[in-house]
Amino acid sequence: MDRKYNLSNVVLSQDATDLLTEDLVMVEQRVEPAKKAAQVIHKKLLGCLQSQLGLDTERRMKKLPLMLLSVSMAESFKDFDPDSSIRKVLEMCCFMESHLAATLSDFELKLEKEVLEPLNKLSEEDLPEILKNKKQFAKLTMDWHNARNKSQASTGPQAKQDGLKEEVEEAWRKLESIKDQYSADLYHFATKEDDYANYFIRLLELQAEHHKNSHDFLERNISELKDNSQENNYKGKVYGEPLLTHLYNSGREIAVPIQECVHMLLHTGMREEGLFRLAAAASVVKRLKSSLDGGVVNHSEFTDPHAVAGALKSYLRELPEPLMTFELYNDWFQAAGEKELTDKLEQFKIVLKKLPSENYNNLRYLVQFLSCLSEQQSVNRMSPSNIAIVLGPNLLWPRIEGEAALLDMASASSVQVVAVVEPLIQHSSSLFHEGTVPHSM
């Protein structure tokens with residue numbers, strides 16, 4: 001008949017009381033509950049995920065409901081005319097839902113690595129090994145107990161009694177060996193118990209970080225979305241004005257030519273070959289610049305994406321100070337000179353933090369649009385490198401007057417400026433964690 005023995009009862013016999021200390025008996029009682037808790041919570045936590053395990057952030061994101069919502073919004077706003085306020089809001093919502101999907105995907109990837117995988121290892125590998133040794137310890141304890149009782153009850157010949165005593169001694173040697181291993185397991189569990197508890201604290205920390213990032217992003221961009229809806233009647237000179245002056249007078253965060261041209265290009269220019277490289281009719285560019293200066297732009301009038309791109313390039317070039325500033329001219333090149341990509345990106349982040357907030361917001365908006373544009377390079381032939389070559393000199397030039405400045409600009413644009421602007425476009429998602437430009441679909 002099968003019998004189950006509780007180890008804490010087995011060791012109560014007078015000769016076995018020292019096999020486990022009272023402290024280890026207490027620790028032993030926590031191993032099985034820890035295994036069950038890790039198993040159950042791992043299973044329930046899997047049920048909370050909206051993405052598939054084992055995928056990278058981008059592949060997870062594509063299948064998230066938020067990303068599917070973003071795609072639907074992108075399809076929906078195409079049916080509206082360019083001046084529709086519903087279209088403009090849907091464009092912004094499309095980008096924001098895409099960003100939220102990326103944030104959720106990143107959160108779930110961290111959750112998998114930092115919580116789910118450790119919990120699974122704990123419940124399926126670490127603790128089962130301890131419980132296996134517990135079972136063996138209980139068996140050998142019972143074997144020793146039975147051998148001892150049999151020896152003590154023996155009244156047969158001396159040879160038989162000696163043989164039984166040898167069995168007792170052999171049973172004891174086996175028991176001592178497993179006792180040492182099992183005790184070491186329990187001591188290890190006791191020292192690691194706080195670490196195991198921290199798995200659940202890390203879950204809460206990741207949730208808090210995710211919800212805070214999502215909340216801050218939504219709050220910031222909803223406020224901007226509301227502000228932009230009230231800016232349709234702005235009048236005032238734009239081209240050639242300092243960025244800060246224009247933003248202050250218009251009450252905007254993003255300069256009118258940058259925002260308006262980006263919106264038009266998202267609609268008409270993302271698949272246009274040679275955008276920013278091929279010139280448009282000067283008269284059309286001039287008329288669009290006048291409209292932007294006047295604050296009234298009928299998007300349906302400007303269907304040539306090359307003209308829109310020309311107006312945007314012209315605005316950047318006519319700023320009294322480049323968008324990436326005179327002051328940081330050398331800093332950008334020093335950052336781009338780092339050989340290792342990780343070092344280069346870290347240095348770029350440091351320089352970005354030095355930018356005035358107005359310049360940073362507009363550069364972020366523009367670069368994220370350029371990143372979207374480069375995603376269509378198989379069609380438009382505008383890779384990050386090509387974009388940097390044609391647009392870089394309009395974003396960064398030295399504080400030198402006269403012909404020397406023009407020569408310096410030409411020299412820098414061929415190598416140095418491209419080395420700065422290209423990685424900004426390539427790695428915009430990691431360099432700019434927040435965003436305001438709608439994602440082109």
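In this predicted model, F189, Y196 and Y199 come together as one aromatic cluster, and that cluster is a convenient place from which to start a walk through the chain. The structure as a whole contains 10 aromatic pairs. One of them joins F137 and Y182, whose ring centres lie 5.4 Å apart with an angle of 45° between the planes, an arrangement that counts as tilted. Because F137 belongs to helix α5 (residues 85-153) and Y182 to helix α6 (residues 158-228), this pair ties together parts of the chain that are 45 residues apart in sequence. Both F137 and Y182 are buried.

A further pair is formed by W332 and F348, and it too is classed as tilted, because the ring centres are 6.1 Å apart and the planes meet at 40°. Here the link runs between helix α11 (residues 329-336), which holds W332, and helix α12 (residues 341-354), which holds F348, with 16 residues separating the two in sequence. W332 is buried, its relative accessible area being 0%, and F348 is likewise buried at 0%. An aromatic ring also takes part in another kind of arrangement, for R148 lies over the face of W144, at 4.7 Å from the ring centre.

The surroundings of W332 lead on to the nonpolar interior. When neighbours within four places in sequence are set aside, W332 is in contact with M324, F348, V351, L352, L355, L363, L396, V420 and L424. The largest nonpolar core comprises 66 residues, and within it F276 and W332 are the residues with the most contacts. Helix α13 (residues 357-374) gives the most to this core, contributing 9 residues. There is also a second, separate core of 38 residues, and among its members are L24, L186, Y199 and L206. Y199 therefore appears twice in this account, since the residue belongs both to the aromatic cluster and to this second core. As a general matter, nonpolar side chains in soluble globular proteins tend to be buried together.

Helix α8 (residues 256-268) deserves a closer look. With 13 residues at 1.5 Å a residue, α8 should span 18 Å, and the end C-alpha atoms are indeed 18 Å apart, so the expected and computed values agree. This helix is mostly covered, with 11 of its 13 residues buried; the buried ones are V256, P257, I258, Q259, E260, C261, V262, H263, M264, L265 and L266. What covers these buried residues includes α5, α6, α7 (243-250), α9 (282-294), α10 (305-318) and α13. The cover thus includes α5 and α6, the helices that hold F137 and Y182.

The cysteines can be considered next. C261, in α8, counts as buried, because its relative accessibility is 0%, whereas C93 is partly exposed, with a relative accessible area of 22%. How many disulfides does the structure hold? There are 0. For C93, the closest cysteine sulfur is that of C94, and because the distance between the sulfurs is 8.9 Å, they are too far apart for a bond; a disulfide would need the two sulfur atoms to lie within 2.5 Å.

Finally, the chain can be viewed as a whole. The protein chain has 18 helices and 0 strands, and of its 441 residues 47% count as buried. Among the contacts between residues at least 6 apart in sequence, 78% join residues at least 24 apart, and the pair of F137 and Y182, with its 45 residues of separation, links distant parts of the sequence in its own way.

Note on methods: Residues are numbered from 1 along each chain as its sequence is written. This is a predicted model: local features need pLDDT of at least 70, side-chain atom pairs count only at pLDDT 80 or more; totals for chains, interfaces and linings use all residues. Side-chain values use heavy atoms; hydrogens and water are left out. Buried means under 20% relative accessible area, exposed over 50%, partly exposed in between (1.4 Å probe, protein chains only). A nonpolar core is a set of buried Ala, Val, Leu, Ile, Met, Phe, Trp, Tyr and Cys residues joined through side-chain atoms within 4.5 Å. Helices (H or I, at least four residues) and strands (E, at least two) are DSSP runs, numbered from the N terminus. Contact means heavy atoms within 4.5 Å. Rings of Phe, Tyr and Trp (its six-membered ring) pair if their centres lie within 6.5 Å; planes under 30 degrees apart count as stacked, over 60 as edge-to-face and the rest as tilted. A charge sits over a ring if NZ of Lys or CZ of Arg is within 6 Å of the ring centre and within 35 degrees of the ring normal. The expected span of a helix is 1.5 Å times one less than its number of residues.
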